[in-house]
Amino acid sequence: MISILFIANRLLSTMAKQGPRPVVICGPSGSGKSTLLNRLFKEFPNTFGFSVSHTTRKPRPGEEDGVHYNFVEREAMEKAIANGEFIESATFSGNMYGTSKEAVRKVQNTGKVCILDIEPQGVEQVKKTDLNPILIYNNPPSIEALEERLRKRNTETEETLKKRLDAAATEIVYGLTPGNFHKIIHNVDIDEAYEQFREFIVAELKAQEAAGITICW
């Protein structure tokens, strides 16, 4: 019979080869995810790398291809997904989003902890892979507060705003369901939210370090 110790050692060996566990952050558009991530990258510039997602939507003002998203045509993305080039993909507000295997590899090859910002559909797909991600949900104060933030962006029509708010309501239910995430951040005050976010991730990485995984600080 295979011992539990043997299985644990094999698991640690596999993790060591793959590097640090990726961090998945999920939450409605406008919930403050970008602010949390920007602060994290600024404080730990050598530790984290962002996996640039693909999307079929058009760039917003100020967004750069290959930096904020890889902007692609729907036909090209559908073909790549069919070819098995994506870890996860989802359709949101009529547009496709997804994480390619190559995007994650690029980050892992630098030795950094890979950060993925994905939708609930994508979270469920990533859970089925061998990435063993750390799952964090960023919860907005309320739907009303979320609507106010989105309106301030001036990037949405009334139609797209309604779609985002409808999707957000569903996402909040998913995010707050026990067992779906390792950590839930209630983003009411951004400073307090970041402190919770930072402390949780650092503690997780320290635990990996203690298990023999190399972390770049």
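**Figure 1. The exposed and buried sides of helix α6.** The face of α6 that points away from the buried side of this helix carries two exposed residues, E144 and K152. The structure shown here and in the other views is a predicted model. Helix α6 runs over residues 143-153, and A145, L146 and L150 are buried in this helix. These three lie on the same side of α6 because they cover an arc of only 135° around the axis. The partner of the buried residues of α6 is helix α7 (158-176), against which they pack. Just after α6 comes N154, which takes a positive phi of about 60°.

**Figure 2. The largest pocket and its lining.** This view shows a pocket with a volume of about 800 Å³, the largest in the model. The lining consists of 33 residues, and those closest to the centre of the pocket are S34, R60, E63, Y69 and D117. Three elements give two or more residues to the lining: helix α2 (33-43) and the strands β5 (86-92) and β6 (95-100). Helix α2 provides the largest share, with 6 residues. By residue type, the lining divides into 11 nonpolar, 13 polar and 9 charged residues.

**Figure 3. F44 and its contacts.** F44 sits in the loop between α2 and β2 (48-50). Is F44 buried or exposed? The cut-off for a buried residue is under 20% relative accessible area. F44 has a relative accessibility of 11%, so F44 counts as buried. Apart from neighbours within four places in sequence, the residues in contact with F44 are Y194, R198, V202 and W217. A further residue to find in this view is C216, which is 172 residues away from F44 in sequence. In space, the C-alpha atoms of F44 and C216 are 9.1 Å apart.

**Figure 4. The stretch listed as a domain.** An unreviewed UniProt entry lists residues 20-202 as "domain: Guanylate kinase-like". Over residues 20-202 the chain is 43% helix and 21% strand. The C-alpha atoms at the two ends of this stretch are 12 Å apart.

Terms used:
Residues are numbered from 1 along each chain as its sequence is written. This is a predicted model: local features need pLDDT of at least 70, side-chain atom pairs count only at pLDDT 80 or more; totals for chains, interfaces and linings use all residues. Side-chain values use heavy atoms; hydrogens and water are left out. Buried means under 20% relative accessible area, exposed over 50%, partly exposed in between (1.4 Å probe, protein chains only). Helices (H or I, at least four residues) and strands (E, at least two) are DSSP runs, numbered from the N terminus. The arc is that of the directions from the helix axis to the C-beta atoms. Contact means heavy atoms within 4.5 Å. On a 1 Å grid over the protein atoms alone, a cavity is a set of points where a 1.4 Å probe fits but cannot get out, and a pocket is an open set with protein on both sides within 12 Å along at least five of seven lines; lining residues have an atom within 4 Å of a point. Grid points are joined across faces, edges and corners, and a volume is the space filled by probe spheres set on the points. Ala, Val, Leu, Ile, Met, Phe, Trp, Tyr, Cys and Pro count as nonpolar, Asp, Glu, Lys and Arg as charged, and the others, Gly among them, as polar. UniProt positions are given in the numbering used here, feature names are shortened, and annotations may be inferred rather than shown by experiment.
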